[in-house]
Amino acid sequence: MSDFTAIPTLDLSLLGDPDERKALQRLMLHVVRDVGMCYVTGLPFGQEVFGKAKVECEAFFNLPEQEKKKLDIGNVPGFLGYTAVGTEYTDSKIDTREHLTVAHPIPGEIEGPVYQNLWGPTQWPDPTILPEFTSSFKNYMEEVARVEKVLRDLMTEATGLNRDALNSLFDQTQQYRMRMIKYPGPPASTSAEDLQALGAHQDHTFVTLIYQVTDHVALQARNSKGDWIDCPPKPGSLVFVVGKSGQAATFGVCSAATHRVAALAPGSTDRYSISVGTNLRYDASVLLPSTKQALETIQRGVDARYPGIENELNGYLNPLGPLDTVGMKVLHNYGVSYPEIMERWHPELVQTAGTGNA
Ligand SMILES: O=C(O)CCC(=O)C(=O)O
Ligand SMILES: [Fe+2]
């Protein structure tokens, strides 16, 4: 992490040119090591993909409350569903946002350890009410997933870390979890001190890719001096964010970004955003020989290229009591944000230690 004062931009349209690719690798190294966050432009999909996502996202949030509540996140054990305003905590404070989390795809039968529930089912809105919603967002997730893989390759080129070892920490059928979020504009009469849009946190993901749908300047990243640096929406871009498992799996070469959404000014319009996050495979654990081998390979690369970098698994891949896999840690993180749902579906996990934002 560094005392950066602006969020860098990676233009993927330059990747095909060998000289530009080298420059992008250098920039990516700066992004993952010093900032943890950047804009990604020159995306391989057209503006119509964003346009469709915006329309469907706004249509969903405009549904009557009782229709959205049919998809309540508490209906299923995998934290996939709708969260109304005032039911989610970050940094021990209630966030002012509502959101819908969906996932794609599902690898056949869901069975085995409790964390397998994270795969699904997803609660999609009624197709007779929003006929194009499900196909639009499955398509959106596939497009963003392609970008994530390009960025993951660029991360390994930039850092010199072993690509096969890193990729072996992901599932063949990778799950992408997407969250569409509405931050309601506070009434003009609200006192600004009482508001939290989304508190300071690091994502539990490997990386997250955010589409800022509206033009509010609210997303911010914290630099090493503790200053909050604005990440204003940039048309046609995604915001790339390194998460905690991204830091863990690269032994601290990549830094998880601490970020937040600043409270909207009283009287402002509603803000919308759509994030797609990817995780390491849910069964990854340092107890698993294949994971151990991959991590040793990565760690040797880090030791050789970055002498002096602290070998920082930041607890994420280390087993801790029952939190002995990525899947259990992800479930636990959700439990911190949704204690009542954890109590309902996974009471045996309520006592486990740790903190985080899901
Ligand atoms: O709304 C945004 O722009 C960011 C959301 C975010 O950071 C999160 O949901 O973890
Ligand atoms: Fe986040």
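**Exercise 1. Find how Arg 271 meets ligand 1, then look for other side chains that do something similar.**

Step 1. Start at the side chain of Arg 271: one of its N or O atoms is 2.8 Å from an oxygen atom of ligand 1. That fits a polar contact (a pair of N or O atoms within 3.5 Å).

Step 2. Now try His 201, where a polar side-chain atom sits 3.0 Å from a ligand 1 oxygen. For Asp 203, the distance from a polar side-chain atom to an oxygen of ligand 1 is 3.2 Å.

Step 3. Check the cover: of the 300 Å² of accessible area (Shrake-Rupley method, 1.4 Å probe) that ligand 1 has on its own, the protein covers 97%.

A quick word on the source: this is a predicted model, where local features need pLDDT of at least 70 and side-chain atom pairs count only at pLDDT 80 or more, while totals for chains, interfaces and linings use all residues. Residues are numbered from 1 along each chain as written, ligands from 1 in written order and chains lettered from A, and side-chain values use heavy atoms, without hydrogens and water.

**Exercise 2. Describe the shell around ligand 1.**

Step 1. Count it: 13 residues surround the ligand, and Tyr 183 and Ser 273 are among the closest. Being near takes a heavy atom within 4 Å.

Step 2. Sort by class: six are nonpolar, four polar and three charged.

Step 3. Trace the strands (DSSP E runs of at least two residues): strands 7 (176–183), 8 (198–201), 13 (259–261) and 14 (271–278) each give at least two shell residues.

Notes: Polar contact = N/O pair within 3.5 Å; in protein donor to acceptor, adjacent residues only side chain to side chain. Helix = DSSP H or I, 4+ residues; strand = E, 2+ residues; numbered from the N terminus. Nonpolar A, V, L, I, M, F, W, Y, C, P; charged D, E, K, R; others polar.
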